Amino acid sequence: MLGFLQSTVLAKGSLSRNLCSARSSVFGEAAGVFRPESPRVLSRNGASKAQFSTKMMAEPIIDLKGKKALVTGIANNRSIAYGIAKALHQAGAEIGVTYLPLNEKMEGKVKDLTLDLEPSLFAPCDVSKPEDIANLSEEIKSKWGTVDIFIHCLAFANREDLTGDFMNTSKDGFNLAMSISTYSLIEVTNALVPLMTDGGSIVTLSYLGAVKVVPNYNVMGVAKAGLEASVRYLAAELGPKQIRVNAVSAGSIRTLASSAIGGIQTMIKHVEENAPLRRATTTEEVGNTTAFLASDAAGGITGQVIYVDSGYEILGATIEK
């Protein structure tokens, strides 16, 4: 929760929650085109000229046209998963969406929410159930044949394990958090790799609490540490198949789900006052970075954790003003 409890899945009847959302105005009006302003340089006679040629600017930097992208964990329009899906869609990717099959109301909610993404695949999946993962794989094989991009936005921990002392974490709560937040990446990847016949990109979401102590993050920090280690092992194993695996460590983001963490508003205010960019992270930034990692523009990047947190991760200490 913070921009780290990315989304939620039901486990053992527990209602999952989602954490994150996004915008994507950085992309150009044309779908799939991200256009930064052209830097200007001076010629020898002092005249200004564009650094990039017209031909180069005509080529999209983030171009996912022809790619099929599966996005998990969308639960509401403020989720990071939703923001990522929007960024992928605007970059030209064909979108597939999974939803947590709690009830018909949940299915209808996610279906209505994702109408603008025009998903060509819409399937239920509770990752606590191996049969759901197997069915998802078959659904993709039947409708798409192959898949190019897998976005893992799944995390869950019991609310009582996200407050108080970490050493009071229950064994069942620990196992639940690890299963949904960490093992699900391994299990779903294993099911999808046979469908990534032409290489691919897998991106998951992490948070600073994986490597630093964050008040009340507790068991989720351990789960995210395991998730980041899993990224490295999967990247090493799948590299020969030209499948890249990376994580985006998102900064603090105000979401409905993050409100479950004690003191979250104080932490976000601290980030806004002390991060190098003096602001919290936006879901747009997380979405655009994920779209980049999913694209051929990031073809040489694998096994990495990319921080999108306004620079907060680099700090060693702050001074109260």
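## Overall architecture

Helices and strands are taken here as DSSP runs, with at least four residues for a helix and at least two for a strand, and they are numbered from the N terminus. On this basis the protein, which is a predicted model, contains 8 helices and 9 strands.

Of the 321 residues in the protein, 53% are buried. Among contacts with a separation of 6 or more, 77% join residues that lie 24 or more positions apart.

## Helix α3 and its two faces

Helix α3 spans residues 104-113, and Met106, Val110 and Leu113 are buried within it. Viewed down the axis of α3, the buried residues fall within an arc of 65°, and they therefore line one face of the helix. These buried residues of α3 pack against three elements: α2 (80-90), β4 (94-99) and β5 (121-124).

The face of α3 turned away from the buried side presents Glu104, Lys105 and Asp112, which are exposed. At the start of α3, Asn103 places a side-chain oxygen within 3.1 Å of the backbone nitrogen of Lys105. Lys105 thus appears in both descriptions, as an exposed residue and as the partner of Asn103 through its backbone nitrogen.

## Packing of α4 against α5

Two packed helices are described by the angle between their axes and the distance between the axes. For helix α4 (residues 130-143) and helix α5 (residues 171-192), the angle is about 35° and the axes are 9 Å apart. The crossing of α4 past α5 is right-handed.

On the α4 side, the residues that meet α5 are Pro130, Ile133, Ser137 and Ile140; on the α5 side, Glu187, Val188, Ala191 and Leu192 meet α4. Classified by residue type, this contact of α4 with α5 comprises 6 nonpolar, 1 polar and 1 charged residues.

## The surroundings of Ala275

Ala275 is located in the loop between α7 (264-274) and α8 (283-294). Residues under 20% relative accessible area are classed as buried; Ala275 has a relative accessibility of 0% and therefore counts as buried.

When residues up to four places away in sequence are not counted, Ala275 touches His270, Asp309, Ser310, Tyr312 and Leu315. Glu313 is 38 residues from Ala275 along the chain, and the C-alpha atoms of Ala275 and Glu313 are separated by 8.3 Å.

Key
Residues numbered from 1 in each chain as written. Predicted model: local features only at pLDDT ≥ 70, side-chain atom pairs only at ≥ 80, totals over all residues. Heavy atoms only, no water. Axes fitted to C-alpha atoms, helices over the stretch in contact; angles between N-to-C directions. Left-handed = near helix turned anticlockwise from the far one by under 90°. Contact = heavy atoms within 4.5 Å. Nonpolar A, V, L, I, M, F, W, Y, C, P; charged D, E, K, R; others polar. Buried < 20%, exposed > 50% of the residue type's maximum accessible area, 1.4 Å probe, protein only. Arc of directions from axis to C-beta. Polar contact = N/O pair within 3.5 Å; in protein donor to acceptor, adjacent residues only side chain to side chain.
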